[in-house]
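Got your viewer open? Load the model and set it to cartoon view, with the sequence panel alongside. We'll go from one selection to the next.

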Amino acid sequence: MAATLTCPICGKRNGYEFRYGGVDKGPRPDEEVLSSATWCDYVHMNKCVAGIQKEWWFHRDGCGAWFTTYRDTTTNLEVEKPEAN
Ligand SMILES: [Zn+2]
């Protein structure tokens, strides 16, 4: 858990106010050409990055907003301005 996270509505808050929502995997696969293997990969396979990754967070003890932010998994700290990947 990060020491602090920045909610886009409430601002910087204690990390214990938030619930982790998983890695941001980008847009969902196209359902018109979706195979069960592609869907399984999208839902269950994670890259487990050692470094900066984009993640979903829920402000559970605050405004109730879902938002994405960047966190360095090696330090567990939020990265405010990540470099382009
Ligand atoms: Zn909030």
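**Getting your bearings**

Trace the protein chain from the N terminus and the elements come up as β-β-β-α-β-β-β. That makes 1 helix and 6 strands; helices here are DSSP runs of H or I with at least four residues, strands are runs of E with at least two, and the numbering starts at the N terminus.

Two bits of housekeeping. Residues are numbered from 1 along each chain as its sequence is written. This is a predicted model, where local features need pLDDT of at least 70 and side-chain atom pairs count only at pLDDT 80 or more, while totals for chains, interfaces and linings use all residues.

Now show C-alpha atoms only. Along the principal axes, they fill a box of roughly 40 × 25 × 20 Å. Of the 85 residues, 5% count as buried. Buried means 20 or more other C-beta atoms within 10 Å of the residue's own, exposed means 12 or fewer, and partly exposed is in between, with C-beta atoms placed from the backbone. As for contacts (C-beta atoms, placed from the backbone, within 7 Å), take those with a separation of 6 or more: 54% of them link residues 24 or more positions apart.

**Stop 1: the hairpin at the start**

Select residues 4-7 and 11-14. These are strands S1 and S2, which pair in the antiparallel sense over 4 bridges; two strands pair if DSSP finds at least two bridges between them. A hairpin of 3 residues joins S1 to S2. Show side chains for Leu5 and Arg13 in S2, which stand opposite each other.

**Stop 2: the four-strand sheet**

Next, colour S3 (19-23), S4 (52-58), S5 (66-72) and S6 (77-79). These 4 strands form an open sheet in the order S3-S4-S5-S6, with antiparallel pairing. S3 and S6 stand at the edges with a single partner strand each, so one side of each has no neighbour in the sheet. Neighbouring strands of this sheet are turned by 50° against each other on average, direction ignored; the axes behind that angle are lines fitted to C-alpha atoms.

Walk across the pairings:

- S3 and S4 are antiparallel over 4 bridges. Pick Gly22, whose bridge partner in S4 is Trp56.
- S4 and S5 pair in the antiparallel sense over 7 bridges. Pick Ile52 and you'll find Asp72 as its bridge partner in S5. Then pick Glu55, which stands opposite Thr69 in S5.

**Stop 3: Val23**

Which residues does Val23 touch, leaving aside its neighbours within four places in sequence? Select Asn46, Gln53 and Glu55, the residues in contact with it. Val23 itself lies in strand S3, and it counts as partly exposed because it has 17 C-beta neighbours inside 10 Å. Now draw a distance from Val23 to Thr69: the two are 46 residues apart in sequence and 9.8 Å apart in space, C-alpha to C-alpha.

**Stop 4: the helix and the way into it**

Start with Ser35, in the loop between S3 and H1. Ser35 is exposed because it has 9 C-beta neighbours inside 10 Å. Put a distance label on Ser35 and Tyr16: they are 19 residues apart along the chain, and their C-alpha atoms are separated by 38 Å.

Move on to Thr38, in helix H1. Thr38 also counts as exposed, with 12 other C-beta atoms within 10 Å. Label Thr38 to Arg19 as well; this pair is 19 residues apart along the chain, with 27 Å between the C-alpha atoms.

**Stop 5: two loop residues with positive phi**

Last, switch on a Ramachandran plot. Most residues other than glycine have a negative phi, so a positive value is worth a click.

Where does Cys48 sit? Go to the loop between helix H1 (36-44) and strand S4 (52-58). The phi of Cys48 is near 50°, which is positive, and the residue is not a glycine. Cys48 is exposed, with 8 other C-beta atoms within 10 Å.

Then jump to Asn76, in the loop between strand S5 (66-72) and strand S6 (77-79). Asn76 isn't a glycine either, yet its phi is positive at about 65°. With 11 C-beta neighbours inside 10 Å, Asn76 counts as exposed.

Key: Contact = placed C-beta atoms within 7 Å. Axes fitted to C-alpha atoms, helices over the stretch in contact; angles between N-to-C directions.
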